[in-house]
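Biologist: Could you take me through the ligand site and one of the sheets, giving the reasoning behind each value?

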Amino acid sequence: MKPMDKYKLWIDGMEVEAEDGAYFSVIDPGSGEEIASAARAKSADVDRAIAAAERAFHSKAWQELKPFERGRLMLKLANRIDVEKDRLAKLLSMENGKPLRQSFDEVETTVRNFEYYGGWADKVHGRVVPISNDVLDYIRLEPLGVVGHIIPWNYPLDIFARGVAPCLAIGNTVVAKPAEDTPLSTIEIAKLSGEVGFPAGVINVISGYGKEAGVALAGHSQIQGLAFCGSIVTGKEVLRAAVENITPVVSLELGGKSPLIIFEDADLEEAASSGAHSILYNTGQSCGCLSRVLVQKKLVKPITRRIKEILASVRVGKWDEDADIGPLVSQGQLDRVMSYVRLGKSEGAELIHGGHRIETGAFAKGYFMEPTVFAGVQPGMRIVDEEIFGPVLGIMTFETEEEAIRIANGSKYGLSAEIWTSNLSQAHRVAAQLDVSHVTINGGGGFGIEAPFGGVKQSGYGREGGWESILQYSRVKNIWVNL
Ligand code: ADP
């Protein structure tokens, strides 16, 4: 498959060029070659997209749709994405580098989001508040209006869908800005929304750079809500831009340094596999990546050995090579991760596996590196305090439950955690004490779109998934009727 040459913006139900006709290159991280270009939106284009979303929000075409009809449209989009899944998954893999199997997973999650929130559209009830016999006091959940979504490159379709779908379910309109590395598959989904009959302007997608389109979107006076997923540094910039108009940044997800806690009665094989898998999947470029492996003393040696064995047997490859791990998304990301490998060594952690860029033969121009493991990692080292966002694992040791909790919580991040133990009381006790929003006990995948996910501490706030998303993308109005 060859992608089209030029991808335009999707504004007001149409493909349009940026006002100044500019484009930027989109690169295949597996080959370092340009695969397509995407329109480079600037502030004038952001204005156009927001104006279209604003008109659509007040339009009869959107306002007079009954909730079940909105839901039906969303189900049609879900179905259409499913029909097009081969094409979308390939495009996603080409722009992001992830193995095709993982892109199919992501397209499936995208479908599920539109299905799931399509189902919510006609089930969002308000409530009646008991005040007195003379008063009818009721609460409506209303849409916010135009909601902006600034999306990262690690799960472009999943993060687009998990934010946009609940917005639409409750009647918002949206302007989404995909990351500059990965705009193509999102633009394709926007086009499908036009084909299945979404009124013009309800969904707008503008590709462009963060410093141009992203800044303009975050600081725009006409958006009523904003969702951001990305780094802490950028998240702070987004908050600063939004404060100008008191725009509620309803969801801010800023990464993590999630602990995988393995107690000595854990299933060794499963727990080790979970640790290895977490840095292989999406090349470790996941906010919820379990990059800190905390192992109770008795199991440290066998867990370390097993993780090493698993990683020694993985296949690295391009997106279409059915590999276990693909490239990092960009040269910049590769440089960043490699600098953390050097840092880990200089901090005195023991590099026990990987640690090199792979640049032989067919890998020469891509952004590949070996999955990497450090043992003997101590609290306070930067490689465990900072998010690396790549295939780098740090193994730490603890002796008691209290120590495990202390190390796990000793991070500025708080997103997710995973616990392995055959003692269920211990599992629940520890889960309750972790400063995160999401805990997995004994593996099994851990994430469902039907349940909330988000940050605490500097991982951010807000919750995506489940009913919580509906609440976060709606506003509460209270009406008092004097009977
Ligand atoms: P990374 O540094 O890994 O690319 P970012 O957090 O910078 O991650 O990017 C996440 C998203 O935020 C992308 O869509 C990017 O274009 C956008 N972005 C980057 N800088 C800004 C900014 N100053 N204001 C708004 N959006 C931005």
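The exchange that follows concerns a predicted model.

Biologist: Which residue has a side-chain N or O atom 2.5 Å from an oxygen atom of the ligand?
Modeller: The shell around the ligand holds 17 residues, and those that come nearest are Ile151, Glu180, Ser231, Thr234 and Glu237. In the side chain of Thr234, an N or O atom is 2.8 Å from a ligand oxygen, while for Gly210 a backbone N or O atom lies 3.3 Å from one. The side chain with the 2.5 Å distance to a ligand oxygen is that of Glu180.

Biologist: How much of the area that the ligand exposes when taken alone does the protein bury?
Modeller: The ligand takes up the space of the second largest pocket, and its isolated form exposes 550 Å². Of that area, the share buried by the protein is 81%.

Biologist: How many residues of the shell around the ligand are nonpolar?
Modeller: At least two shell residues come from each of α8 (210–218), β11 (225–229) and α9 (232–243). Sorted by character, the shell has 3 charged residues and 5 polar ones, and the nonpolar residues number 9.

Biologist: Turning to the open sheet of 3 strands, which residue in β5 stands opposite Tyr23?
Modeller: The sheet has mixed pairing and the order β1-β5-β4, with β1 (6–7) and β4 (23–28) as edge strands that each pair on one side only. Strand β4 runs antiparallel to β5 (residues 33–39), and 6 bridges join the two. Opposite Tyr23, the residue in β5 is Ala39.

Technical notes
Residues numbered from 1 in each chain as written. Predicted model: local features only at pLDDT ≥ 70, side-chain atom pairs only at ≥ 80, totals over all residues. Heavy atoms only, no water. Near = heavy atom within 4 Å. Polar contact = N/O pair within 3.5 Å; in protein donor to acceptor, adjacent residues only side chain to side chain. Areas by Shrake-Rupley, 256 points an atom, 1.4 Å probe, with all protein chains shown as cover. 1 Å grid on protein atoms, 1.4 Å probe; cavity = no way out; pocket = protein on both sides within 12 Å on 5 of 7 lines; lining within 4 Å. Sits in = over half its atoms within 2 Å of the grid points. Helix = DSSP H or I, 4+ residues; strand = E, 2+ residues; numbered from the N terminus. Nonpolar A, V, L, I, M, F, W, Y, C, P; charged D, E, K, R; others polar. Pairing = 2+ DSSP bridges.
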